[in-house]
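Visitor: I have a structure to look at and would welcome a guided tour. Could we take it in questions and answers?

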Amino acid sequence: MSKEWRNRWRHRHWQPGPEQNRYNGLEPIVCITGGSDGIGLALAHEFVAEGRALLLVARDPSRLELAAREITRRKPGALILTHYIDLLNPENRRVLEAHAASLGYYIDVLVNSAGSGLSGPFISHSTHNIRDLIELNITGVTDLCRRLLPGMVARGRGGILNVSSMAGLVPGPHQAAYYASKAYMNSLGAALANEVSGKGVRITTLAPGAVDTQFHERMEAEGSRYLRFLGVQSPDVVAKAGYAGFQRWQRFVVPGLVHKINAFALHLLPNCITVPMMAFLLQRPTIQPHLDKDKTAR
Ligand SMILES: NC(=O)c1ccc[n+]([C@@H]2O[C@H](COP(=O)([O-])OP(=O)(O)OC[C@H]3O[C@@H](n4cnc5c(N)ncnc54)[C@H](OP(=O)(O)O)[C@@H]3O)[C@@H](O)[C@H]2O)c1
């Protein structure tokens, strides 16, 4: 299909409307939550290489500034804005679009990469920590999609790249809430991609296996068997695959051939095989006896 026909097909249900005018005078920007570290930062490098302006969102100002400096060192002249907010706070999510507009931008692409995990038996985690995980991985992602998608549909361009996980393909004993949150994210992304199909907007779910970032350490999962037995991919490799998939309007991206085969196998195998297997891989070598610890991967 030629480029023009492909474009027509992608906009087959899109109608220009008055809503579009709300964004007159604003420039497009790519907003990356969790853009200060790990996969989010690697994705920032990919988008900036294409010449996109970036709005990086995370909590720690010094890490964000460091990330912005690193990006501009590799791509001099890049336009990088930083926004220090805690996405656990619904008010911060509510005003994100208005904040971008006050700087002269509309959020053309949203990358949901900020996420947290919890490792260890479900009953060892405080209800507070489980609530925070759900707030960031499920409620926050849903909220941002709901707030930003209408503008994308009105403009007939842009889209959302959700950084989910292969964890969403199977229940995960010893990381139960995290795995369940990623199953939600996979499902949401697939459904939204269908709903906006033909309206000029793309939704890509990126589902990597284990990636070499601080994420595992932050949830105290460093000693878990999955890191030794399944291996880790570099954030750069994962980001390249995710970015390429987003550019190709792919709906679901699993980076790496081995992980693609694993993902296929997880779809085929019944839970009676995969769940005990995951329990073996995710169990930490020493189970801490204390309850209610205040540690999440953040
Ligand atoms: N690492 C893996 O093995 C792996 C595999 C598959 C999927 N994933 C998914 O990939 C995503 C990114 O993971 P990663 O490995 O890149 O993690 P990471 O290195 O720990 O980075 C997490 C990023 O999210 C930000 N963040 C965390 N909590 C936040 C909050 N409440 N508000 C705003 N920003 C927040 C962090 O910055 P601040 O702490 O400064 O806020 C940081 O920039 C997550 O959704 C994770 O589930 C990771």
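Guide: Happily; we will go through the ligand shell and then the salt bridges.

Guide: A word on the basis first: this is a predicted model, in which local features need pLDDT of at least 70, side-chain atom pairs count only at pLDDT 80 or more, and totals for chains, interfaces and linings use all residues. Residues are numbered from 1 along each chain as its sequence is written, and side-chain values use heavy atoms, with hydrogens and water left out.

Visitor: Which helix supplies the largest share of the shell around the ligand?

Guide: A residue belongs near the ligand if one of its heavy atoms lies within 4 Å of it. Helices here are DSSP runs of H or I with at least four residues, numbered from the N terminus. Among them, α2 (38-49), α7 (176-195) and α8 (215-218) each give at least two residues to the shell. The largest share, three residues, comes from α8.

Visitor: How far from a ligand oxygen atom is an N or O atom in the side chain of R59?

Guide: R59 is one of the residues that come nearest, out of 31 around the ligand. A polar contact is a pair of N or O atoms within 3.5 Å; within protein, one must be able to donate a hydrogen and the other to accept it, and residues adjacent in sequence count only if both atoms are side-chain atoms. For R59 and the ligand oxygen, the distance is 2.7 Å.

Visitor: Which residue forms a salt bridge with R218?

Guide: Side chains of opposite charge can pair when their charged atoms come close. A salt bridge here is a side-chain nitrogen of Lys or Arg within 4 Å of a carboxyl oxygen of Asp or Glu. R218 also belongs to a salt-bridge network with D37, D60 and R63. At 2.9 Å, N to O, the partner of R218 is D37.

Visitor: Is R93 buried or exposed?

Guide: R93 meets E135 in a salt bridge (2.8 Å, N to O). R93 lies in helix α4 (residues 90-94) and E135 in helix α6 (residues 127-155), so the pair ties together parts 42 residues apart in sequence. Buried means under 20% relative accessible area, exposed over 50% and partly exposed in between (1.4 Å probe, protein chains only). With a relative accessible area of 2%, R93 is buried.
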